[in-house]
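Open the model in your viewer and keep the selection tool at hand. The tour goes from the cysteines to a sheet, then to its surroundings.

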Amino acid sequence: MRPLFFLLGMLVAIPWAAAADRPNVVFVAIDDLNDWVGCLDGHPQVQTPHIDQLAARGVNFTNAHCQAPICNPSRISMLLGKLPSTTGHYFLVPGFRDVDVTRDAVTMFQYFRSRGYRTESMGKVFHGGSDKASFDHVQPSRGYRRMKGQTEKLRYRVPGSHPSWDWGQFQMADEDQRDYFTAAWAADRIPELSQQDQPFLMAIGFHLPHVPIYATKKWLDLYPLDNLQMPEVPADDLDDVPPIAVQLSLNPTAPRDGWMKQSGEDRHAVQAYLASISFVDHLVGMVMDSVQASGAGDNTIVVLFSDHGFHMGEKNKWAKRSLWRRTTRVPMIIAGPNVAVGKQCNAPVGLIDVYPTLTDACGLPRPEGLDGHGLAPLLSDVTAPWPHPAICTFGPGNHSIQSRDYHYIRYRDGAEELYDHRTDGDEYHNLAGDQTLDAVIAEHRRWIPATDAAMVPGSRGSDSPLYGESDGLQKAMRKVGR
């Protein structure tokens with residue numbers, strides 16, 4: 001019996017009624033970008049004029065969250081429209097086509113392809129390689145991502161570290177980098193696709209600001225070290241969090257916060273992170289300019305997002321892999337036809353809501369079994385009632401529940417955290433022990449997924465002592481990248 005995804009691929013040639021009248025979709029994924037973008041006020045010095053301009057054209061979801069705080073499960077969840085607690089994909093490996101439970105699952109792109117859309121892709125959209133069943137065409141990535149052929153030493157290289165953990169000035173031209181090639185290809189291809197009678201879905205993925213965090217001098221010069229503003233981190237920031245929170249978020253291959261500060265590399269890393277964000281913003285501008293110049297701008301939905309956030313010293317941590325807001329919160333912007341212009345929405349939404357939102361917006365029947373919710377009410381009126389929280393999960397039994405005002409976290413050992421974002425957006429004060437807030441905790445607790453799917457086979461991939469490691473796993477992680 002042929003798998004379902006193969007059969008869906010055979011449906012592409014079916015002439016669906018009114019397909020040519022449907023809006024196009026441009027889907028822009030950015031890797032490891034936290035809320036350090038201008039339209040989210042995440043860092044006072046960040047310069048992201050093109051992303052800010054896109055936000056001014058549509059709805060900027062200021063309370064958007066990923067469903068898992070690492071690449072693979074976050075992207076699987078978003079592109080299959082199912083929570084990690086539904087599929088059992090919690091960690092970096094395996095891929096969703098590698099296990100029986102999701103081997104034949106239909107991705108968002110596959111579904112659009114089966115309904116008459118021309119689907120094309122380049123860059124990091126899926127984790128660990130593209131899913132060919134999802135696209136009519138996948139453009140191979142090209143260009144540099146490391147200091148290839150250069151003699152500079154890695155800034156951070158100690159026993160146990162991963163070679164991707166590096167940052168600094170990139171000597172190659174911007175035009176030689178792989179993210180530039182992705183933007184340039186998309187910018188060239190979109191006008192061509194817009195001339196066809198068939199609607200298209202273009203999915204591109206930028207690797208930066210994922211480690212190694214390199215940028216050319218042009219972008220580093222935007223953020224001089226002598227006046228760089230660093231994140232404020234109270235010395236006692238972890239004193240009121242449960243031990244399991246620290247254990248769960250431990251990444252043995254990432255830099256230790258003490259070493260970063262003592263060596264002074266914390267400032268260099270923040271500078272490189274900001275610089276690479278501005279570089280990616282420039283690439284976003286290339287793609288958006290192409291959409292407008294193609295004449296398809298009025299009939300194209302643009303979705304821009306990051307797969308999860310990233311700690312730059314907050315909570316004494318560098319990397320992702322936590323349930324705190326710095327990792328769960330992501331940029332998410334939707335612009336296009338029938339979308340309000342220049343609006344900010346504080347409703348708690350998730351990347352998982354994008355799949356049903358796009359099917360609704362493009363006039364397609366919504367597939368059954370999606371865990372997300374269509375955002376149509378908020379896209380037309382950002383103050384519309386929204387009864388849903390945003391749920392993020394890292395390993396079975398560890399869940400984050402984000403409402404408009406509060407962030408509740410419950411771990412598998414029963415430990416809890418609660419933060420009031422109206423007064424504590426940086427999550428310095430855990431209020432879980434405040435008995436006057438018992439009703440708030442109870443309200444959030446009821447949204448915890450009723451069941452946690454068992455981890456799919458081969459998914460010992462947290463790098464956390466809570467779940468264990470193996471030499472084979474480490475090799476697999478190095479192969480697909482962190």
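Begin by selecting every cysteine: the count of disulfides comes to 0. Keep in mind throughout that the model is predicted.

Zoom to Cys71. Its nearest cysteine sulfur belongs to Cys66 and lies 10.0 Å away, and Cys71 is in no disulfide. With a relative accessibility of 0%, Cys71 counts as buried. Then go to Cys392, where the nearest cysteine sulfur is again that of Cys66, here at 3.9 Å. A disulfide needs the two sulfur atoms within 2.5 Å, and Cys392 is in none. Cys392 has 1% relative accessibility, so it counts as buried.

**The sheet**

Switch to a cartoon view. In what order do the 8 strands of the open sheet run? The order is E5-E4-E7-E1-E9-E12-E2-E13, with mixed pairing. Select residues 137-139 and 343-345 to see the edge strands, E5 and E13, each of which pairs on one side only. On average, neighbouring strands of the sheet are turned by 15° against each other, direction ignored.

Two helices can be coloured next. Helix H2, residues 49-57, packs on the sheet and touches E1, E2 (59-61), E9 (300-306) and E12 (332-335). The direction of H2 makes about 55° with that of E12. Helix H6, residues 178-194, also packs on the sheet, touching E1, E4, E5 and E7. Between the directions of H6 and E7 the angle is about 170°.

**Strand E7**

Now select residues 200-206, which make up strand E7; 7 of its 7 residues are buried. Show the side chains. In a regular strand, side chains alternate between the two faces of the sheet. Here Phe200, Met202, Ile204 and Phe206 point one way, while Leu201, Ala203 and Gly205 point the other way.

Which strands pair with E7 in the parallel sense? One is E1, residues 24-30, over 6 bridges; another is E4, residues 118-123, also over 6 bridges. On the E1 side, find Val26 opposite Met202. On the E4 side, Arg118 has Phe200 as its bridge partner, and Thr119 has Leu201.

**The nonpolar cores**

Hide the cartoon and select Phe27, Phe61, Phe109 and Phe112. Within the largest nonpolar core, which has 65 residues, these four touch the most other members. Centre on Phe27 and list its contacts, leaving aside neighbours within four places in sequence: they include Met202, Ala203 and Ile204 of the stretch selected earlier. Also in contact with Phe27 are Met78, Leu79, Met108, Phe109, Val125, Val303, Phe305 and Val354. A second, separate core has 59 residues, among them Trp185, Ala254, Met260 and Ile277. In soluble globular proteins, nonpolar side chains tend to be buried together.

**Helix H12**

Val354 leads to the last stop. Select residues 354-361, helix H12, which is mostly covered, with 6 of its 8 residues buried. Which residues of H12 are buried? They are Val354, Tyr355, Pro356, Thr357, Leu358 and Thr359. Step just past the helix to Gly363, which takes a positive phi of about 70°.

Technical notes. Residues numbered from 1 in each chain as written. Predicted model: local features only at pLDDT ≥ 70, side-chain atom pairs only at ≥ 80, totals over all residues. Heavy atoms only, no water. Buried < 20%, exposed > 50% of the residue type's maximum accessible area, 1.4 Å probe, protein only. Helix = DSSP H or I, 4+ residues; strand = E, 2+ residues; numbered from the N terminus. Pairing = 2+ DSSP bridges. Core = buried A, V, L, I, M, F, W, Y, C linked by side-chain atoms within 4.5 Å. Contact = heavy atoms within 4.5 Å. Axes fitted to C-alpha atoms, helices over the stretch in contact; angles between N-to-C directions.
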